[in-house]
Amino acid sequence: MERLRQDDPAQIGPFTALARLDPESAERSVPERRYLARSADGERTVLVGVPRAGADPSRWAVEAEGARRLRLPRFLDVAEVGGTAGFPWYATPYEPMLPLPAVLAAYGGPLPEEVVRGLGAALAEGLAAAHARGVAHAGLSPAAVLVTAGGPVLSCFGAVRAAAPDGVHRAGLPGIDPGCLAPEEASGAAPGPLGDLFALGSVLAYASTGHTVPEQGELPPGLRGSVGACLARDPADRPGSAGELLRGLAAPSRVPDPRLPPSAGPATALDSAALPLVLPGRVVAALAAQSAWLLAAELPTAHEQFTSSASPQKVH
């Protein structure tokens, strides 16, 4: 979280921006600008998103409205969409949240394997629900994963679709993390469930190594099979579904014993308790610090908005 810059909007619909959610260092890999903001009466604190500079606001707005209509587990709950044709926005009620890159920064490096497993299971659960509805997320990347005390949620819905029409080469587009873009989608294929699984593999690789394109040997031994399969260049070599991936991520203690009756079978995409995500203490402390800062933050005066520094400053 960083203080606002001069080129940030002071007002987004009925909300006054207080801070940027993403650091400047992550700007190239985040497909939208995200702010923590508050209503003028001080009653509502929200996360608001707007298109990044140079993006097509109409395409972005279509995906924002799609996210509002979805209401899926583990997807960001977009409460309202508004604005104008040239400056659309969405808003969701605030809860303490950190983008995955900020989680690794708070922890001090890649996350422990069990944390990565829990993270992956929760995200696979969300993707399974979306794919069952015939919807691909098409925007999964480390920046799109927002970690809360209750687990991760997926944001940046439809970023790949908003970036360029089907059939257009997408590799190297601003805001699209190239390491998370499935080869077929980079070449212009329509986003689909197998592309989401490739992206999830890249996200889990990032969580466990610090980057989205690891060497096979860099992955923890217990994750090489599941994550490596997601990263297969040929879609046919990836897991067949998000539910299949979830079963592959199951902790050894949850892998079913073949001697047990079928009622004690493997975890499914609906078994959200199969792999509880226990956040490291330093990450919990960072979430608490963000919440404390926002509770104490006051709405800026017009003079403060005008004189805000052009250089971003960290908000602790």
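A polar contact is a pair of N or O atoms within 3.5 Å; within protein, one atom must be able to donate a hydrogen and the other to accept it. That cut-off is needed at one of the stops below. The model on screen is predicted.

**Whole chain**

Start with the protein chain in cartoon view. Ten helices and nine strands make up its list of elements. The chain has 316 residues, and 51% of them count as buried. Switch on a surface next: about 13,800 Å² is exposed, with carbon and sulfur atoms supplying 56% of that area. Among contacts with a separation of 6 or more, 62% are between residues 24 or more positions apart.

**R38**

Select residues 32-39, which form strand 3, and pick out R38 within this strand. Which side chain of opposite charge is nearest to R38? It is D41, at 8.1 Å. A salt bridge needs a side-chain nitrogen of Lys or Arg within 4 Å of a carboxyl oxygen of Asp or Glu, and R38, though buried, has none.

Now show A297. The side chain of R38 reaches the backbone oxygen of A297 at 2.7 Å, a distance to set against the 3.5 Å limit for a polar contact. To see the surroundings, display the residues that R38 touches, leaving aside those up to four places away in sequence. They include P14, F15, T16 and L18, then R44 and T45, and also L294, L295, A297 and L299.

**The sheet of strands 7, 8 and 9**

Select strands 7, 8 and 9 together. They form an open sheet in the order 7-8-9, with antiparallel pairing. Strand 7 (98-99) and strand 9 (151-154) are the edge strands, each pairing on one side only. In general, strands of a sheet pair through backbone hydrogen bonds, either parallel or antiparallel.

Look first at the side of strand 7. Two bridges link strand 7 with strand 8 (residues 145-148), in the antiparallel sense. Select P99 and L146: P99 stands opposite L146 of strand 8.

Then move to strand 9. How many bridges join strand 8 to strand 9? There are four, and the two strands run antiparallel. One pair to highlight is V145 with its bridge partner L154 in strand 9. Follow the backbone from strand 8 into strand 9, and a hairpin of two residues makes the connection.

Stay on strand 8 and show its side chains. V145 and V147 lie on one side, L146 and T148 on the other. All four are buried, so both faces of the strand are covered.

**Two residues with positive phi**

Go next to R71, in the loop between helix 1 (57-70) and strand 5 (80-83). Its phi is near 55°, a positive value in a residue other than glycine. R71 is partly exposed, with a relative accessible area of 48%.

The last stop is A138, in the loop between helix 3 (113-132) and strand 8. A138 also has a phi near 55°, again positive in a residue other than glycine. Is A138 buried or exposed? A138 counts as buried because its relative accessibility is 1%, and the cut-off for buried is under 20%.

Note on methods. Residues numbered from 1 in each chain as written. Predicted model: local features only at pLDDT ≥ 70, side-chain atom pairs only at ≥ 80, totals over all residues. Heavy atoms only, no water. Pairing = 2+ DSSP bridges. Buried < 20%, exposed > 50% of the residue type's maximum accessible area, 1.4 Å probe, protein only. Contact = heavy atoms within 4.5 Å. Areas by Shrake-Rupley, 256 points an atom, 1.4 Å probe, with all protein chains shown as cover. Lys, Arg positive; Asp, Glu negative; His and termini not counted.
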